[in-house]
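Q: Please take a close look at a single loop in this protein with me. I would like to see what its backbone does, and then how the rest of the chain is put together around it.

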Amino acid sequence: MTEKTEKKVHSLPLLPLKNIVLLPKSIVPLIIGRERSIQALKVALDGNRELCVAAQRDSLIEEVQPTDLFTVGARASILQVMQAPKGAVKVLLEGIGRVKILSSEDQNDLWLANIADLPTIEEENDIEAQALWRQVRSRYKQYVQISNEIPSTILAHVNNINNVSDAADTMAIHSGFSFQDRQALLESINLKERLHKLYGFIEREIDILKTETRIRDQVQSQVEKNQREYYLNEQIKAIHKELGRDDMHADLAALRERVILAHLPEAVAQKVEREIRRLEQMQPMSAESTVSRTYIDWILTLPWYQQAKDRISLKQAEAQLDRDHYGLAKVKERILEFIAAKKFNPDLKRSPILCLVGPPGVGKTSLARSIALALGREFVRISLGGTHDEAEIRGHRRTYIGAMPGKIIQGLSTVKTVNPVILLDEIDKLTNDTNGDPAAALLEALDPEQNKAFVDNFLEVGYDLSRVMFITTANHPEGIPYPLFDRMEIINLSGYTAEEKMNIAQQHLIPKILHEYGVHEKSFSLPKKILQLIINDYTKEAGVRQLEQKLAKMVRNVIRHILVPKKGKKCAASEAANAAPIAEHPLVKITEPQCHEWLGIPPFRMRQLEKTEIRVGRAVGLAWTEMGGDVLEVEALAMPGKGEMTITGQLGDVMRESAQAALSFVRSRSERMGLAKNIFKDNDFHLHVPEGATPKDGPSAGITMCSALVSVCTKIPLKTRVAMTGEITLSGRVLPIGGLKEKLIAAQQYGAKTVLVPLENREEGIKIVEEIDKKGNLKIIYVNTMDEVLENALEQNPFVRA
């Protein structure tokens, strides 16, 4: 291995360069304007006319420090200096060789760089390097032939250079390489490595040039095709004009007539007129013509002034709500308040956006439809579940193929009025990604201060949404983006009690299903006992959606029972039933065996809390899910061990933390309860919540887990048919919980006689009990501390044992 020259160390003035890499054997003209650079040039001219030249890593930096430069640069010779305007200097530099900047010294008005020459490292008689050099020359020749910017004389010049290193640098100088590519070649000291990089850069440039040529040819071909089509279309237009078939002008005239009849706002009319003028200049079959025509059609189909007259009557509204929905007294009151405000001031602009929050199947969507019917307005439902693109709300820009307005504008175009009731369903299911945030787009539509001129990206003109009544629905208020939540008035719809479900089924669901299937009421009899069986054993929900599905299945089986004879019977009865009018079909009274046969094995058999069994370490809690309330058994067990705590039942982090807090509370009260001093040291504790396949979380099971632990430690059994709910703190306070109505309904359905509820839920609890327990079978005890819980949950108070 040999080096081209011996390594030498120099001290030269430092000249930073922006976006320029000076390679050896290259001559570059520069204009120097920075004070330090001009001073470095003067010092070099006074000396041996040599500079150290290095490129800046970031060209935007004006006050350059040595650390802002690449450490590998070039030693340059000053060939010519000329004065330029505004104090600048024009200089011609020639690269001499590669150098490495070892250090630099600040000489007040310039930087002095201590540099070491970097000679090229190459091996003698390296066959691989020779073969690589041949490939580089071949590809560079092809590159020069393809490129129109490199003179062909360069090839002859390169071939006349005997030194491979100098020839490679010359190729790099006369190529379209980037700043980064040239710096990489400058830093390549090993000749073979430099040739490898050079070959790769040339290959890439050849690919780019070929791609540019292909694109240019395609564009040229398309231009020629468009020109040909233009001339042909002009000839066709001329022929049609001679024949009196100028359809396009007739269409445009018809469009202008529609614009006049639509009485568009002035700004919108001007926009449409500009589009029609553009259409006159376009080819009828062009893509742009189709886009403009579609845009005009959307503008003309929108309602700009057509308004449905409100039929605001509080009595009619109340009757409509009662006819469509059973119960929901407080919800109906809130809705009637809103309607009353609209009647008192029809121009009310700051009316709140109603947000109906509740579990699936409780009637949120149907309530919104009833409001529209009560007001005499059109109804539009827009589903937002899974919407993640802002364009779904605000529309697509017309530059995109197949662009359309957003869902709000589409809905208004369908109903043809400017004041419909628009339901934004499942607003808590909005998502966002790289295509924007739909929630942010909804802000403009829902805010009364902004929606007077809502701009859809497709329309590009303002549209007045202030007369639209917006109603939203959600299952969980936590999922609603806060800026939207802040603009809404929340109306909570809780789950139905079993009694309410019975009434809804008898008064609404069964008549509706019989009407849909064409079955007369006299042909269908569903005893109350069977309906109760379906509600308890075949459905598990807060609403009535599953119940409606099961009732529909029962009706279908009744129809089949009427039309299809039993096995072994003749078909005369079936034919007679088919021929008979609906009212003459025989009565089918459904029995319990038929119910099990048609609906199958009950998936949700309701288990009753034990009436007589005395339990140690088994407490009953209450939980809330999307399907309504449920009981939650908690089992605790103590066994010899080392004081470890095991928690099972697929519990979430919050529930696990509640279990740890409960254990800490029990340990802190162990002396008062008379527990052995080493009970927590010599025993392991296992806390388990059955139904392990179901994920569980939340803090409201805190007092339940604590009661189970106290029971197992003191061996005092828990009282039967007692359920509880509440969050526990380390000091033993009982904090309030949510979903109380659903939890109390679950306790009632599962046979609980006593329920322990946090004291802070007292006001809410009193109202709920009045609503769901009119017979007074459910006793509610409000507790504020864990001591009160244990006093009422255990057979014996653990703090006053003998």
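A: Happy to. One term first: helices, of at least four residues, and strands, of at least two, are DSSP runs numbered from the N terminus. With that in hand, look at Arg49, which lies in the loop between helix 1 (35-46) and strand 4 (50-55). Do keep in mind that this is a predicted model.

What stands out at Arg49 is the backbone: its phi is positive, near 60°, and the residue is not a glycine. Most residues other than glycine have a negative phi. As for its surroundings, Arg49 counts as partly exposed because its relative accessibility is 33%, and that class lies between the 20% limit for buried and the 50% limit for exposed.

There is a companion case to put beside this loop. Lys25 also is a non-glycine residue with a positive phi, here about 75°. Its loop runs between strand 2 (9-17) and strand 3 (27-32). Lys25 has 44% relative accessibility, so it too counts as partly exposed.

Now step back to the whole chain. The protein has 26 helices and 26 strands. Its radius of gyration is 42 Å, well over the 28 Å that the globule rule gives for 802 residues, so the protein is more spread out than a compact globule. The C-alpha trace spans about 110 × 105 × 65 Å along the principal axes. Of the 802 residues, 47% count as buried, and the protein exposes about 41,600 Å², with carbon and sulfur atoms supplying 51% of that area. Among contacts with a separation of 6 or more, 75% are between residues 24 or more positions apart.

For an example of how two elements meet, go to helix 18 (residues 528-537) and helix 21 (residues 592-599). Their axes are 10 Å apart, and the helices pack at an angle of about 35°. The crossing of helix 18 past helix 21 is right-handed. On the helix 18 side, the contact is made by Lys529, Ile530, Leu533 and Ile534; helix 21 brings Glu592, Cys595, His596 and Leu599. Sorted by character, the residues of this contact are five nonpolar, one polar and two charged.

So, back to your loop: when you turn the model, start at Arg49, between helix 1 and strand 4, and check its positive phi for yourself.

Conventions: Residues numbered from 1 in each chain as written. Predicted model: local features only at pLDDT ≥ 70, side-chain atom pairs only at ≥ 80, totals over all residues. Heavy atoms only, no water. Axes fitted to C-alpha atoms, helices over the stretch in contact; angles between N-to-C directions. Left-handed = near helix turned anticlockwise from the far one by under 90°. Contact = heavy atoms within 4.5 Å. Nonpolar A, V, L, I, M, F, W, Y, C, P; charged D, E, K, R; others polar. Rg over C-alpha atoms; globule rule 2.2 N^0.38 Å. Buried < 20%, exposed > 50% of the residue type's maximum accessible area, 1.4 Å probe, protein only. Areas by Shrake-Rupley, 256 points an atom, 1.4 Å probe, with all protein chains shown as cover.
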